[in-house]
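The exercises below are to be worked with the sequence and the coordinates at hand. Each task is followed by a solution in steps.

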Amino acid sequence: MKKFILGFAVGLVICGIAFSVFIIINKKEIPINNDEVIIANNKENENNDREEHIIKEEASETEKNELVYSLYKYKDSEGNELYSIPYININSEEANKINKEIEEFYKSEVEEAIKEIEEYSYAFLHEVSYNFYINDNILSLVILKEYDWDIVYYGVYNLDINKGTIVTNSEIISNIKGIDEDIYLDILKDICKQRFIEAYGEKEEWKQFNAGEEYETQLNRTISEDNLSIQTPIFLNDKGNIAVIANIYSLAGGDSYYRRIDTNL
């Protein structure tokens with residue numbers, strides 16, 4: 001079975017199937033072209049006469065007392081929550097700036113998806129959701145955008161609850177965790193290399209399909225300095241450990257995928 005999976009994946013690589021992806025994460029952008037996706041799915045829904053109506057709900061006065069709450073929730077006609085846009089209830093200049101950024105960016109994309117749903121009963125963007133974690137005085141907010149083809153994009157924010165200021169990656173790594181940054185980067189590369197191997201196996205397994213060079217290329221791209229740095233998005237998870245949003249290059253499907261990796265750090 002493993003050989004079949006490897007063979008199928010290599011077939012995709014050899015055939016040159018690639019998808020361009022758009023992601024904005026910590027203000028980094030990668031281009032996307034999803035016109036063919038929308039067109040294909042529009043055709044699938046041409047004979048679907050059911051009209052889908054999306055219900056927009058705003059936060060109640062009770063919810064507005066919470067540290068993080070949903071500023072807007074969007075539900076389908078059956079009451080299923082599709083999109084939820086978070087709001088950080090901290091009155092500070094930096095928190096207000098983040099809230100404005102979140103609302104402007106996610107709201108516009110959600111409203112575009114809603115138009116697609118109401119017209120075609122389908123949207124490429126399936127869900128917008130969020131999680132948040134509190135560790136001592138550090139609030140970590142993680143926003144997820146989920147699309148077709150197992151594509152997930154992340155937005156990460158870390159704030160000091162008491163000061164209302166942004167907590168940088170260096171502050172988390174050096175001050176909170178007490179880890180030397182050079183040592184941290186070595187650990188980060190090892191973690192991402194292991195994640196790549198867990199996903200695609202060892203190089204020897206790909207050599208039998210004449211894809212050993214492609215394997216080596218994508219692994220090296222995954223652990224390169226251009227891909228991994230102190231600025232690679234991190235946050236403190238529910239255990240108080242560092243979690244990384246890492247760009248793992250692929251041997252099948254898209255060129256790379258962003259993955260959440262929870263560490264023991």
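**Exercise 1: a sheet and its turns**

Strand 11 and strand 12 form a hairpin with 6 residues between them, and glycine 253 in the turn has a positive phi of about 80 degrees. The model is a predicted one, in which local features need pLDDT of at least 70, side-chain atom pairs count only at pLDDT 80 or more, and totals for chains, interfaces and linings use all residues. Residues are numbered from 1 along each chain as its sequence is written, and side-chain values use heavy atoms, with hydrogens and water left out.

Task: work out the order and the sense of pairing of the strands in the open sheet that holds strand 11.

Step 1. Fix the terms: helices (H or I, at least four residues) and strands (E, at least two) are DSSP runs, numbered from the N terminus. Two strands pair if DSSP finds at least two bridges between them.

Step 2. Take the pair of strand 11 and strand 12 (residues 256-262), which is antiparallel over 7 bridges. Within this pair, valine 244 has isoleucine 261 as its bridge partner, and tyrosine 249 stands opposite serine 256.

Step 3. Turn to strand 10 (residues 234-236), which runs antiparallel to strand 11 and is joined to it by 3 bridges. Here phenylalanine 235 is opposite alanine 243 of strand 11. The hairpin of strand 10 and strand 11 has 5 residues between the strands, and its glycine 240 takes a positive phi near 80 degrees.

Step 4. Combine the pairs: the open sheet has 3 strands in the order 10-11-12, with antiparallel pairing. Strand 10 and strand 12 are the edge strands, each pairing on one side only. On average, neighbouring strands of this sheet are turned by 25 degrees against each other, direction ignored.

**Exercise 2: burial of strand 11 and the helices on the sheet**

Task: decide which residues of strand 11 point one way and which the other, and whether they are buried or exposed.

Step 1. Buried means under 20% relative accessible area, exposed over 50%, and partly exposed in between (1.4 Å probe, protein chains only).

Step 2. In a regular strand the side chains alternate between the two faces of the sheet.

Step 3. Ile242, Val244, Ala246 and Ile248 point one way from strand 11, while Ala243, Ile245, Asn247 and Tyr249 point the other way, and all are buried. Because 8 of the 8 residues of strand 11 (residues 242-249) are buried, the strand is largely enclosed by the rest of the structure.

Step 4. Look for the helices. Helix 4 (residues 169-176) lies across strand 10 and strand 11 and runs at about 50 degrees to strand 10. Helix 5 (residues 181-200) packs on the sheet, touching strand 10, strand 11 and strand 12, and its direction makes about 55 degrees with that of strand 11. Axes are lines fitted to C-alpha atoms, for helices over the stretch in contact, and angles run from 0 to 180 degrees between N-to-C directions.

Step 5. Describe helix 5 itself. Its buried residues are Tyr184, Leu188, Cys192, Phe196, Ile197 and Tyr200. Aspartate 180 caps the N-terminal end of helix 5, with a side-chain oxygen 3.0 Å from the backbone nitrogen of aspartate 182. Just after helix 5, glycine 201 has a positive phi of about 80 degrees.

**Exercise 3: a buried asparagine**

Task: find which side chain makes a polar contact with the side chain of asparagine 158.

Step 1. Asparagine 158 is found in strand 8, and its relative accessible area of 5% makes this residue buried.

Step 2. A polar contact is a pair of N or O atoms within 3.5 Å; within protein, one must be able to donate a hydrogen and the other to accept it, and residues adjacent in sequence count only if both atoms are side-chain atoms. The side chain of serine 140 makes such a contact with that of asparagine 158, at 2.6 Å.

Step 3. Contact in general means heavy atoms within 4.5 Å. Leaving aside neighbours within four places in sequence, asparagine 158 is in contact with residues including Ile234, Phe235 and Leu236.
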